[in-house]
Structures are given as C-alpha cells and as structure tokens.
Amino acid sequence: MIGFYDYTVVVTYISLVSSIVGMFCAIDGKLTVAVFCLAFSGLCDMFDGKIARTKKDRTDDEKSFGIQIDSLCDIVCFGIFPIILGYKLGMCKLYSVVILAFYGLAGVIRLAYFNVMEAKRQSETSENRKYYQGLPITSMAVIMPFLFVASMFFPGFRYFVGLLHAAMLIVGFLFILNFRFRKPTNKELVVLVSVVAVAVFFILFYKEAWWARHGVVTKLKGVAP
C-alpha cells in the first residue's frame, strides 16, 4: 500500500473523516452535529503536529508526506466543509456564493504557500515554528461554534446570516494577508480547547432546541436543496 499509516498521521486522517461525516450531517440539515464535527476536526489539527514531532527518526519522505497530507486534509476540513455549512446556513444568494468561492480560493492559496515555505524552512532548521504567516485556516473551527452561540443574542436569524457573511469574507482575507500570527502556547491551547468545548456542548444540548422554538430550524430546511 502506498502512503504512510503510522501514529504521526493517524490524527490527521481522523480529522478528515470527522469532516466528511460533518458534511453529510450539514447536507441532511443536522447543523449542530455538523458544527461539532468541525470543532472536533479542529481539535485534531491542533495536536497532529505535536504528535508527529514526537517521532524523532522520521525520514525526509515522512516529513514531506506529513506536510502534504496535513494541508490536503485542511482544505477539506476547514475550506470545503465550512463552505457547505455556510451554504446550508443561508449563504445561497449570488453574492453569498462569491464570498464562499473567495473563502475557498484564499484557503487553497494559503495552504499552497505554507507548503512551499514550510518545506524550505524544514530544510534550513529543525526548530519548531513560532509564528504563522496569516491566519491559520483551522481558525474557522473556532469561529463557527462561537457564531452559533452568539446567534441566540441576535433579534432575528437574518442577523446571524449577515454576521456569517462578514465572518467568511474577513477570515478568507486574513488567510492571505501577510502578517505574523503567534502560535499559541500549550497552556493557551488548553484554554482554547476548553472554551470551544463549552461552546460545542452548548450548541449540541441547547442551541438546536432554542432555534426550534424560534422557527429557525424550519427556515433552514427551506434555505437550500
């Protein structure tokens, strides 16, 4: 069999499978479960690099494969998946599709650029990366759950959809904007994971019922085929 299947990449594979399941959930209208899958994929992505670096005897081929497979999975998990989720949440107008297309294009450009620069960096130094160039594409796995939680404070569903448009456009732009973004420390990662976990718990056990009481679930079923 071609490819690599050791523990250094298995978390990346799990992240991809989670997002594929989430896409089916989004298409079926199970949006809260889909957001859970997105957040879980983000959790896997936060730690796959750390897990890979625990293997000190990785070959150059394994390192290169790790870079490529991580980015290929990222564009599915945090590029295509949020686009499908955004469309099912109401981004189905012509201008909405333009924003979603821009988001996807920016994500692909960012990851391709990252692959080139990371391969170059690893050939020059063995030090861990301390900064990202631009906003990491994984960020949508954090932003989307918080948008869901924030929506209950809006006076109407259309405000949530409007904010979703703005978020997808701004985040897409930040993917390709040339600025340095510091990698979070281990303690910061723990705090971030905990906060997102609380948000996802809220979404799964309260949010859908809240949307149902306010007629949002019915609206969503008629948003797109």
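This report describes the fold, a nonpolar surface patch, the cysteines and one buried acidic residue of the structure shown above.

The structure is a predicted model. Its protein contains 8 helices and 2 strands, and, read from the N terminus on, these elements follow the order α-α-α-α-β-α-α-β-α-α. Of the 225 residues in the protein, 44% are buried. Where contacts link residues at least 6 apart in sequence, 84% of them join residues that are at least 24 apart. The protein exposes about 12,100 Å² in total, and carbon and sulfur atoms supply 69% of that area.

On the surface there is a nonpolar patch made of Tyr7, Val10, Ile14, Val33, Phe36, Phe40, Leu43, Phe201, Leu204 and Phe205, which together have about 860 Å² of accessible area. The elements that contribute two or more residues to this patch are α1 (7-27), α2 (31-52) and α7 (186-213), and α2 gives the most, with 4 residues. One of the patch members, Ile14, is placed in helix α1; because its relative accessible area is 40%, Ile14 counts as partly exposed.

The table sets out the accessibility of three residues, namely this isoleucine and two cysteines.

| Residue | Relative accessible area | Class |
|---|---|---|
| Ile14 | 40% | partly exposed |
| Cys25 | 12% | buried |
| Cys92 | 28% | partly exposed |

The cysteines also raise the matter of covalent links. A disulfide is a covalent bond between the sulfur atoms of two cysteines. A search of the whole structure finds 0 disulfides. Why does Cys25 not form a bond with Cys37? The sulfur of Cys37 is the closest cysteine sulfur to that of Cys25, but the two are 5.0 Å apart, which is too far for a bond, because a disulfide requires a pair of cysteine sulfur atoms within 2.5 Å.

A further position to inspect is Asp74, which lies in helix α3 (residues 60-88). Asp74 is buried, yet it has no salt bridge. Which side chain of opposite charge is nearest to Asp74, and how far away is it? That side chain belongs to Arg110, at 7.7 Å, whereas a salt bridge needs a side-chain nitrogen of Lys or Arg within 4 Å of a carboxyl oxygen of Asp or Glu. When residues up to four places away in sequence are not counted, Asp74 touches Asp45, Gly79, Leu111 and Ile137, so that another aspartate, Asp45, is among its contacts.

Methods
Residues are numbered from 1 along each chain as its sequence is written. This is a predicted model: local features need pLDDT of at least 70, side-chain atom pairs count only at pLDDT 80 or more; totals for chains, interfaces and linings use all residues. Side-chain values use heavy atoms; hydrogens and water are left out. Patches are made of residues with over 30% relative accessible area and no salt bridge: like charges are joined within 9 Å, nonpolar side chains (Val, Leu, Ile, Met, Phe, Trp, Tyr) within 5 Å. Accessible areas come from the Shrake-Rupley method with a 1.4 Å probe; for residues, only the protein chains shown count as cover. Buried means under 20% relative accessible area, exposed over 50%, partly exposed in between (1.4 Å probe, protein chains only). Contact means heavy atoms within 4.5 Å. Lys and Arg count as positive and Asp and Glu as negative; His and the chain ends are not counted.
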